[in-house]
Amino acid sequence: MAETADPVRINHTDAQEFVVTLLKAAGASDKNATIVAGGLVQADLRGVESHGINRISSYLARVRNGVLDPKAEPTLIQITPVVAQVDGHNGFGFPAAHLGMATAISMAQTFGIGMVSVKHSNHFGMSAWIVRQAADAGMLSLVFTNSSPALPVWGGRSQLIGVSPIACGAPGGETSRPFILDMAPSVAARGKIYKALRRGEKIPGDWALDADGKPTDDPAEALKGVMLPMGGPKGSALAIMMDVFSGVLSGSAFAGGVTGPYDMSKPGDVGHFLVAIKPDLFVSLEEFRERMDVLYKRVVESDKMDGVERIYFPGEIEHLTEQQRLRDGIPFVQDEIDALNAEAEKLGVPKIRVASV
């Protein structure tokens with residue numbers, strides 16, 4: 001994010017403890033609260049503040065409105081030796097996704113590949129934390145989800161398909177970082193619109209259209225209109241692909257039927273699709289790692305275009321941001337701290353700790 005002159009900095013362990021405390025006070029188990037908090041704090045550490053701990057207010061609002069069950073526990077059904085399905089039972093999306101990827105990893109360790117469909121889930125935050133779950137276990141991965149309507153189909157003007165992230169990853173080699181891709185099929189993720197609204201900031205004029213179909217730099221007006229797909233029909237098609245694999249296939253809501261995390265009218269019914277792949281299926285593990293090292297080196301050492309100082313591997317900028325924020329703390333604006341403390345006051349728990357790192 002664009003760092004403010006005097007940001008309020010929070011140690012990542014304090015952020016984790018604060019969110020766990022909030023969620024447990026709202027009815028979540030310690031295990032599930034820890035998983036949710038871990039995913040949110042990872043996003044803040046990686047510089048993806050649109051999916052960080054400030055999301056907790058919308059999750060708790062859904063709990064208070066009875067459209068998200070904080071006590072729900074995801075359940076698993078094994079369908080074939082390499083295919084399973086998780087039912088999130090309208091609980092937090094993070095535990096359902098975590099169970100799904102853990103199951104996919106376990107199947108892949110035995111059979112080389114594991115696929116898990118997740119139904120009746122909710123928003124699971126930044127997809128990259130699930131990709132990292134697989135990479136940390138030495139697995140390649142695909143992480144798909146659908147989401148509430150925000151994009152028009154190409155040629156349309158009304159919201160129908162979600163800004164559903166496309167994520168995948170692979171473990172690195174001896175000298176390279178893991179490959180981690182997590183991107184929205186829109187010009188910008190919708191969470192960035194909410195972040196700009198929260199901070200009183202303008203947005204670039206090519207991110208969204210207002211309700212009249214005109215470009216806007218006002219996040220409030222953008223949220224009344226539609227996001228714009230990246231690459232025109234290509235982004236639109238990728239968003240539809242996410243709905244096929246995550247919604248149609250799983251039995252969850254699809255075709256505009258997913259309820260967004262800021263809509264308190266009914267359960268989200270989000271679907272996910274998760275795949276883990278063992279890296280030594282076709283070449284030895286040693287060769288795979290060597291090849292990843294070669295790929296990394298060739299990417300980052302490519303000839304640079306004019307004005308470019310450094311070329312990064314996908315996920316590398318976020319890794320470097322994480323290292324800096326682990327050391328210096330996560331920056332927040334005061335309004336964000338105030339909003340977090342308002343949630344603490346509602347639940348009767350201590351405010352978030354602000355301290356030098």
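Helices, here runs of at least four residues assigned H or I by DSSP, are numbered from the N terminus. In this predicted model, Ser236 is found in helix H8, which comprises residues 233–248. With a relative accessibility of 3%, Ser236 falls below the 20% limit and therefore counts as buried. A polar atom of the Ser236 side chain lies 3.0 Å from the backbone nitrogen of Trp154. Beyond neighbours within four places in sequence, Ser236 is in contact with Pro152, Val153, Trp154, Ile161 and Pro229. Trp154 thus appears both in this contact list and as the residue whose backbone nitrogen faces the serine side chain at 3.0 Å.

Helix H8 also takes part in enclosing an internal space. A search of the whole structure finds one cavity of 30 Å³ or more, and the volume of the largest cavity is about 40 Å³. The lining of this cavity consists of Asn146, Ser147, Leu160, Ile161, Gly162, Ser164, Ala239, Asp243, Ala255 and Gly256. Two elements, strand S7 (161–162) and H8, each give two or more residues to that lining. By residue class, the lining of the largest cavity comprises four nonpolar, five polar and one charged residue. Ile161, one of the lining residues, is also among the contacts of Ser236.

Helix H2 spans residues 30–45, and its end C-alpha atoms are 22 Å apart, in agreement with the 22 Å that its 16 residues should span at 1.5 Å a residue. Of these 16 residues, 13 are buried, so H2 is largely enclosed by the rest of the structure. The helix is followed by Gly47, which has a positive phi, near 85°.

Helix H10 (316–328) has 13 residues and reaches 18 Å from its first C-alpha to its last, close to the 18 Å expected at 1.5 Å a residue. Its buried residues are Glu316, Glu322 and Arg325. These buried residues pack against H2, H5, helix H9 (285–300) and strand S13 (330–332). Arg327, also in H10, has a relative accessibility of 52% and counts as exposed because this value is over 50%. The side chain of Arg327 makes a polar contact with that of Asp328, at 3.2 Å. Arg327 and Phe254 are 73 residues apart along the chain, and their C-alpha atoms are separated by 42 Å. Just after H10, Gly329 adopts a positive phi of about 95°.

H10 contributes to an open site as well. The second largest pocket has a volume of about 190 Å³ and is lined by 13 residues. Among these, Arg46, Arg132, Pro178, Ile180 and His319 lie nearest the centre of the pocket. Helix H5 (128–136) and H10 each supply at least two lining residues, and the largest share, four residues, comes from H10. The lining of the second largest pocket divides into six charged, four nonpolar and three polar residues. H5 is thus linked to H10 in two respects: it is one of the elements against which the buried residues of H10 pack, and both helices supply residues to the lining of this pocket.

How values were computed
Residues are numbered from 1 along each chain as its sequence is written. This is a predicted model: local features need pLDDT of at least 70, side-chain atom pairs count only at pLDDT 80 or more; totals for chains, interfaces and linings use all residues. Side-chain values use heavy atoms; hydrogens and water are left out. The expected span of a helix is 1.5 Å times one less than its number of residues. Buried means under 20% relative accessible area, exposed over 50%, partly exposed in between (1.4 Å probe, protein chains only). A polar contact is a pair of N or O atoms within 3.5 Å; within protein, one must be able to donate a hydrogen and the other to accept it, and residues adjacent in sequence count only if both atoms are side-chain atoms. Contact means heavy atoms within 4.5 Å. On a 1 Å grid over the protein atoms alone, a cavity is a set of points where a 1.4 Å probe fits but cannot get out, and a pocket is an open set with protein on both sides within 12 Å along at least five of seven lines; lining residues have an atom within 4 Å of a point. Grid points are joined across faces, edges and corners, and a volume is the space filled by probe spheres set on the points. Ala, Val, Leu, Ile, Met, Phe, Trp, Tyr, Cys and Pro count as nonpolar, Asp, Glu, Lys and Arg as charged, and the others, Gly among them, as polar.
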